[in-house]
Amino acid sequence: MDHGHPSKVLLTSGREVGGVTSFAEGLGTGFIELGIPVEIVSPSRIFRHWRELRNPRILKILSTSAIFAASIARRAICVAHGFPCAAHQGWPNTLAKLASYRLATASRGAQLVPVSDYAALHLRFIFDLRVDAVIHNPVYPLFLENQPERDTPRQAIIFVGRLHQSKNVDRLLPAMRDVLDENAGLRAWIVGEGPMRSELERIAAGDERIEFVGALAPAQVRERLRQSRVFVSACPHEALGIAYIEALSQGCAVAMPASGGGLEIAPELVGNGIQLFPITVPREAVASALRKALLATPKAVSLAAYSPRAVAEAYLAVDARFSAQGKFYGEVGW
């Protein structure tokens with residue numbers, strides 16, 4: 001039975017500060033622009049919304065542990081923000097995540113949607129999971145606003161993300177320092193918080209050119225990006241990398257590993273505005289990529305597909321296809 005556009009969207013978030021929460025807030029903005037009411041709830045509280053989970057007129061978009069609610073939900077889309085990784089998540093969390101994805105594909109009222117073809121590839125070929133569609137993440141609307149003209153030059157290399165072992169920031173810092181030594185007046189900003197902050201500050205060894213600025217609000221991140229020449233990341237298994245999109249939107253060049261969902265964002269910029277280095281993150285190769293990125297002239301890239309409204313419309317299209325069929329529509333082609 002086709003229920004038409006949903007009367008409401010129930011979205012689940014993640015940590016108070018983190019990518020899943022940003023995803024929920026950004027996507028919620030898109031649905032509101034389309035005139036559809038939105039409620040964002042914590043995954044830990046999702047089962048308190050029993051009636052809404054069972055209501056076929058309400059679209060549920062479930063992330064992280066909330067995907068377990070797919071077992072009772074009707075008209076749900078379960079979002080895979082990555083793929084299970086025991087090395088960084090530990091076996092208990094990995095098995096729990098895999099179990100939730102399998103539950104989503106086994107539930108008649110739910111679909112599984114990863115945020116990139118890279119993530120979908122792993123889910124399908126490594127974990128043998130059905131993938132119903134791929135929908136990229138949205139960016140905050142403020143990153144899509146026109147930039148004011150600036151008189152001050154860009155004088156920073158910037159990293160934005162969680163300070164976790166999986167991000168390999170400890171391997172970036174030596175290469176960043178090499179490039180700082182070669183460019184007078186250049187600075188490095190490390191934006192974010194996480195369990196590795198103390199270790200990273202030890203590696204930086206009090207170098208005043210390397211500033212740990214902590215977690216920032218989106219508007220503050222945007223301002224830092226507008227003052228930066230290069231955004232750098234070293235996570236080779238980034239599911240998509242919304243921070244890449246934010247950096248490109250603010251005129252930064254990008255230096256990144258030759259792996260991950262970030263390669264899907266703007267492949268036409270690889271070799272100029274996007275510089276790649278090996279996934280082993282060797283110091284000299286990272287430094288070389290940073291040097292080239294500093295000399296690059298980033299070209300404008302269309303980010304319309306990442307606007308909250310466009311991404312919300314993509315979710316509605318997947319939902320409409322599913323609702324019209326009254327069953328799973330099948331696998332995507334590879």
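Q: What makes the pair formed by the side chain of Ser259 and the backbone oxygen of Pro236 a polar contact?
A: A polar contact is a pair of N or O atoms within 3.5 Å; within protein, one must be able to donate a hydrogen and the other to accept it, and residues adjacent in sequence count only if both atoms are side-chain atoms. Here a polar atom of the Ser259 side chain lies 2.7 Å from the backbone oxygen of Pro236, so the distance fits the 3.5 Å limit. Do keep in mind that this model is predicted: local features need pLDDT of at least 70 and side-chain atom pairs count only at pLDDT 80 or more, while totals for chains, interfaces and linings use all residues. Residues are numbered from 1 along each chain as its sequence is written, and side-chain values use heavy atoms, with hydrogens and water left out.

Q: Why is Ser259 called buried or exposed, and what does it touch?
A: Buried means under 20% relative accessible area, exposed over 50%, and partly exposed in between (1.4 Å probe, protein chains only). Ser259 has 16%, so the verdict is buried. Ser259 sits in the loop between strand 10 and strand 11 and is in contact (heavy atoms within 4.5 Å) with Tyr118, Pro236 and Ile279, leaving aside residues up to four places away in sequence.

Q: How do you know that strand 10 pairs with strand 9 and with strand 11?
A: Strands are DSSP runs of E with at least two residues, helices are runs of H or I with at least four, and both are numbered from the N terminus. Two strands pair if DSSP finds at least two bridges between them. Strands 9 and 10 have 3 bridges, in the parallel sense, and strands 10 and 11 have 4, also parallel, so each pair passes the test. Val254 in strand 10 stands opposite Phe231 and opposite Ile274 in strand 11.

Q: Why is a β-α-β crossover called right-handed?
A: With the strands pointing away from the viewer, the path from the first strand over the helix to the second must run clockwise, so that is the test. Strand 4, helix 3 (residues 86-106) and strand 5 make a right-handed β-α-β unit. Strands 4 and 5 themselves run parallel and are joined by 5 bridges, with Ala80 partnered by Pro114 in strand 5.

Q: What makes strand 5 count as largely enclosed?
A: 5 of its 5 residues are buried, so the rest of the structure largely encloses strand 5. In a regular strand the side chains alternate between the two faces of the sheet. In strand 5, Ala110, Leu112 and Pro114 on one side and Gln111 and Val113 on the other are all buried, which covers both faces.

Q: What makes Glu39 and Lys8 a salt bridge?
A: The rule asks for a side-chain nitrogen of Lys or Arg within 4 Å of a carboxyl oxygen of Asp or Glu. Their side chains meet at 2.7 Å, N to O, so the pair qualifies. Glu39 lies in strand 2 (residues 38-41) and Lys8 in strand 1 (residues 8-12), so the bridge ties together parts 31 residues apart in sequence. Lys8 is buried at 18%, whereas Glu39, at 27%, is partly exposed.

Q: Which salt-bridge partners does Arg197 have?
A: Arg197 bridges Glu193 at 2.6 Å and Glu201 at 3.0 Å. Arg197 and Glu201 are 4 residues apart in helix 6 (residues 197-204), so about one helical turn separates them.
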